[in-house]
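Here is a walk through one protein model, from exposure to cores, then a helix, then charged pairs. Keep the structure open as you read.

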Amino acid sequence: MKNNQRWAAWYAITILLTCGLVARADSPEFTEVADLLRPLIQADWALQDPALSAADQADAASAVGTSSRPVTTAEDAAGGCNGIKTGLWGFHVASGQQDPWWQVDLGREYLLDRVVVYNRCGSTAARTRHLQILVAGSDGDAGEQTFRKVYQHDGSTFFGVEKQPLVVRFDSQPVTARVVRLRVPGRCSMALDEVEVYAVDDPEKNIALNQPADQISVSQYSRRGTMSDAEFRQLGFTPLVARAEDAPSGQDDPTADEGLGQRVGPLLQQAKRLVDRLSLIDSEELAPLREQRDALQHRWQQLESSGDATGAQRRELYMAARDLKRRIAFRNPRLNIDRLLFLKRHDSVGVFHMCDQFYGCNAKPGGGLYVLEDPFGPQPRLKNLLQDSVVQNGRLAGQKLEGGTFLSPEVSWDGRTILFAYSQAGAWEKYQGREAYEWCPECSYHIFRVNADGSELIQLTDGPYNDFDPCFLPNGRIVFISERRGGYLRCGRHCPVYTLFSMRDDGSDIICLSFHETHEWQPSVTNDGMIVYTRWDYVDRDTNVAHHKWICFPDGRDPRALHGNYPERRESRPWMEMDIRAIPESNKFVAVAAAHHGHAFGSLVLIDPRIEDDNAMSQLTRLTPEVPFPESEGWPIADHMVYGTPWPLSEDDYLCVYDGQARNRGIYWLDRDGNRELIYRDPEISCLSPIPLQPRPKPPVLAPRTSQAAEDADKDQPATIAVMNIYDADFSWPPETRIEALRIIHVLPKTTAPPNQPRIGAANQTNARAVLGTVPVESDGSIYFHAPVGKPIYFQAIDQHGTAVQSMRSATYVHPGEQLVCLGCHERKHDTPQFTGSLPLALRRDPSPIRPDVDGSNPFNYVRLVQPVLDRHCVDCHQQQNALDLSGLPSLAHGWTRSYTNLAEKYGFYFHVSNGSIRQPIHGGSRTTAGEFGARAAPLQQYLTPEHYDVQLPPEDLHRINLWLDANSEFYGAYEDTEAQARGEIVYPSLR
């Protein structure tokens with residue numbers, strides 16, 4: 001049967017079985033799905049392997065309900081050795097790739113005669129002038145070969161089909177190689193036309209032609225093989241050598257199955273590595289499969305050595321190797337899972353954004369809560385868990401959860417109870433996927449609990465706000481994400497903020513765990529009992545690059561960013577890490593490297609917080625390197641939302657959802673060696689959140705040290721913060737700095753929805769804030785003070801002159817009864833704390849109260865804080881000299897006064913909060929450089945000395961100006977009643 005006919009038959013079977021499955025889903029009993037899955041599994045093999053023909057892949061895409069997918073590194077790399085030379089590029093790695101490489105596997109070791117490199121001609125040819133050639137032999141598995149450099153280009157520009165290619169001969173030194181790698185050190189958008197390799201024993205035969213190739217990454221210019229001439233022209237490029245367009249591939253092509261023969265060997269090597277790894281866990285169980293692998297290897301070697309293998313024989317061997325590798329994978333003892341819980345759901349609609357995807361008003365109806373029984377056995381069975389379940393309480397009592405959508409399931413430690421979020425998707429009928437902003441019980445997510453058999457369906461939360469991402473804590477409470485605190489996103493649209501909350505397992509005693517002023521996501525529990533979650537952190541800095549791994553105690557205290565919170569470059573790491581989970585019996589975590597302007601899908605990464613953070617990739621390992629990080633590396637974003645919701649079984653094995661086309665995700669097992677196998681897929685709707693429905697070890701219960709939960713009320717005591725030594729820092733303090741006070745600034749949650757309404761100050765999308773005051777710093781750098789409860793705050797180190805030397809660009813908070821302790825100011829996380837043996841001076845006394853600052857600092861108000869100084873010392877002179885208008889009269893801009901409009905932007909100091917502000921040298925960056933911000937760096941300073949018309953400000957007046965500059969040079973101190981604030985009236989913020 002020809003390829004098209006075979007895949008069409010599989011597709012027809014798929015459609016028939018899918019329809020049958022839908023019809024049988026009305027039954028509460030488990031439904032057999034093996035026949036449904038069999039063609040989908042083989043279709044998945046076709047989609048992920050470039051050795052299969054284009055017709056195979058196209059029909060396979062049709063079988064799973066989609067038509068295109070992101071190109072893999074191997075597929076793009078194949079264009080570098082397919083014999084097609086255009087003068088343009090045969091492959092193209094990611095733009096600005098660090099140390100890019102391309103390589104070809106010759107199949108066996110050869111004594112090399114020469115390597116010929118056809119460069120992309122034209123103005124870009126100079127990119128590769130520092131090209132290196134490295135080689136590796138047959139020793140070592142793929143990805144583990146030891147490469148040695150055998151050639152370094154001299155820096156001159158070489159070309160290809162025009163002006164001659166680069167010819168590297170090995171006359172003076174014998175070079176033996178199986179793998180030939182081309183590499184450019186440093187950052188380079190590496191793109192070559194063609195690479196040819198010739199051996200000494202047959203110097204006229206290109207032994208690299210059509211051999212398996214690979215490369216470090218892909219780009220928007222990557223294609224399967226060499227891009228067609230027509231597509232080159234569509235992109236504005238003209239091939240220098242015209243060629244006939246590719247003939248249709250398929251069974252009629254006599255060479256169509258040669259690639260399959262070449263792929264059998266690598267498949268069997270993968271199978272060998274897999275069986276070797278799993279045998280370390282259970283060698284007896286894997287022994288028969290090892291024998292089958294060895295027999296298949298022997299059979300393949302005999303067939304290839306005979307020289308007369310037919311296409312049908314190669315295809316049969318290829319499919320046998322694929323099937324064997326799958327059977328080995330599913331004998332993994334870590335896949336001893338009887339039942340697998342998961343969701344079916346459509347991706348959210350509305351605004352395409354990391355925040356909006358979790359608003360119930362953007363939910364598209366469809367899907368449900370499902371269980372796959374015997375998921376790794378020969379006859380998996382499917383059940384709609386809630387098919388016959390009726391809500392037993394609350395607003396939906398007596399109803400089934402039908403017609404809505406599900407989100408974020410969670411399984412209890414004993415495997416007996418399930419939590420999930422559900423929305424009735426009440427906005428769908430009205431908006432049909434268009435931008436929607438409606439908050440009501442019918443349009444929001446609420447949390448439910450049900451037994452693992454589908455009984456006792458209980459609604460735990462309700463109301464006009466979204467509650468989702470529930471997670472069982474070891475102490476029996478439930479942590480979840482909720483909008484109940486209030487506030488809005490500062491940088492866009494109508495986006496209510498949601499943060500960490502907790503409640504009892506019956507839905508009572510709901511308390512706020514996080515007082516952060518913007519969004520948080522997806523709490524889970526670490527192996528040592530802490531909460532790990534994603535926080536969006538952008539106080540006084542770029543909106544897009546800091547939403548990574550945070551950790552806190554189960555009662556919410558001591559929130560800390562363990563890594564990634566201060567990237568120095570937007571391109572150096574993922575913009576967002578989602579669905580972070582601790583790996584069993586490990587100190588590492590798995591996460592989805594996702595986008596800011598997208599949904600919670602992307603590429604999978606491993607996080608090791610024990611490695612020192614370089615604010616880039618030091619703590620990250622790519623688990624799925626074939627998929628670039630959406631937005632930071634890969635565009636369009638939607639095309640790279642490939643992986644999601646990983647569930648770690650070990651450092652090597654993971655469950656997740658995946659679709660190479662980022663459209664219809666199925667459930668997969670994958671490992672770190674690049675193996676991936678489909679477990680279940682519904683061609684009509686995506687799957688999400690696979691979780692073993694069985695008991696798992698419960699982390700330790702960590703004793704609470706706050707008093708806001710009802711069961712902890714007896715622990716009530718004042719909240720305090722202590723710093724052991726403020727000089728203990730991972731940066732250098734300016735010379736002769738003596739810190740005498742710590743300033744505490746309250747970051748106010750935004751209470752108006754649109755961005756920059758009101759415009760708080762010169763900085764774009766900045767926070768309103770209030771200066772709570774200062775506390776003393778002892779001579780040994782220690783600090784101890786009473787802290788305000790429930791307020792997001794940040795700190796500034798104040799020197800002996802009363803100006804800020806260093807400032808946080810993040811926020812923390814304390815709970816009732818909490819005693820927060822820091823070692824220093826940005827202390828080095830990986831250093832062992834140094835104790836002198838004596839108690840820090842501040843801890844030998846009672847905690848200090850916060851000493852309030854001058855009028856106009858709390859509530860913050862420029863007209864009250866700064867304008868009186870200008871009135872006393874500047875306004876009259878400026879009027880007489882016809883200089884800047886520094887009066888307090890209204891201006892036309894944002895309701896500000898004339899003095900603010902004329903001073904703040906040009907002479908003040910502020911950090912912008914906007915997309916891309918990290919790149920701005922003065923108003924951006926990531927972390928504050930000590931001594932180079934605020935009053936110390938403001939251009940206004942040169943006008944506050946006697947050199948400027950003999951200005952001599954009294955200490956308090958100078959303090960007022962400096963305080964304003966240190967506090968980001970803001971105008972308003974609340975988001976409400978701006979007209980009153982502009983008149984200098986006291987306006988307290990409504991949400992604090």
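A residue counts as buried under 20% relative accessible area, as exposed over 50%, and as partly exposed in between. The model is predicted. Take R983 as a test case. Its relative accessibility is 52%, so R983 counts as exposed. E985 has a relative accessible area of 37% and is therefore partly exposed. The two side chains meet in a salt bridge, with 2.9 Å from N to O.

Now go inside. In soluble globular proteins, nonpolar side chains tend to be buried together. The largest nonpolar core here has 139 residues. Within this core, L401, F420 and L655 touch the most other members. Another core lies apart from it, with 75 residues. Its members include I744, V771, F911 and A935.

Next, look at helix α13, which spans residues 898-907. Which of its residues are buried? They are S899, Y900, L903, A904 and Y907. These residues cover an arc of only 115° around the axis, so they sit on the same side of α13. The face turned away from that buried side carries E905 and K906, which are exposed. What covers the buried residues of α13? Among the covering elements are α10 (862-865), α11 (867-873) and α14 (955-966).

Helix α14 leads on to a charged pair. D966 lies in α14, and R743 lies in strand β37 (residues 739-747). D966 and R743 form a salt bridge, their closest N and O atoms being 3.2 Å apart. The two residues are 223 apart in sequence, so the pair ties together distant stretches of the chain. Are these partners buried or exposed? D966 has 3% relative accessibility, so D966 counts as buried. R743 has 1%, so R743 counts as buried too.

A second buried pair is R541 with D537. Their salt bridge has its closest N and O atoms 2.8 Å apart. R541 is at 3% relative accessibility and therefore counts as buried. D537 is at 0%, so D537 is buried as well. Set this beside the pair from the start: R983 is exposed, and E985 is partly exposed.

How many salt bridges does the structure hold? The count is 61. Some share partners. Such shared bridges join R277, R334, D652, D653 and D671 into one network.

Notes: Residues numbered from 1 in each chain as written. Predicted model: local features only at pLDDT ≥ 70, side-chain atom pairs only at ≥ 80, totals over all residues. Heavy atoms only, no water. Core = buried A, V, L, I, M, F, W, Y, C linked by side-chain atoms within 4.5 Å. Buried < 20%, exposed > 50% of the residue type's maximum accessible area, 1.4 Å probe, protein only. Helix = DSSP H or I, 4+ residues; strand = E, 2+ residues; numbered from the N terminus. Arc of directions from axis to C-beta. Contact = heavy atoms within 4.5 Å. Salt bridge = Lys/Arg side-chain N within 4 Å of Asp/Glu carboxyl O.
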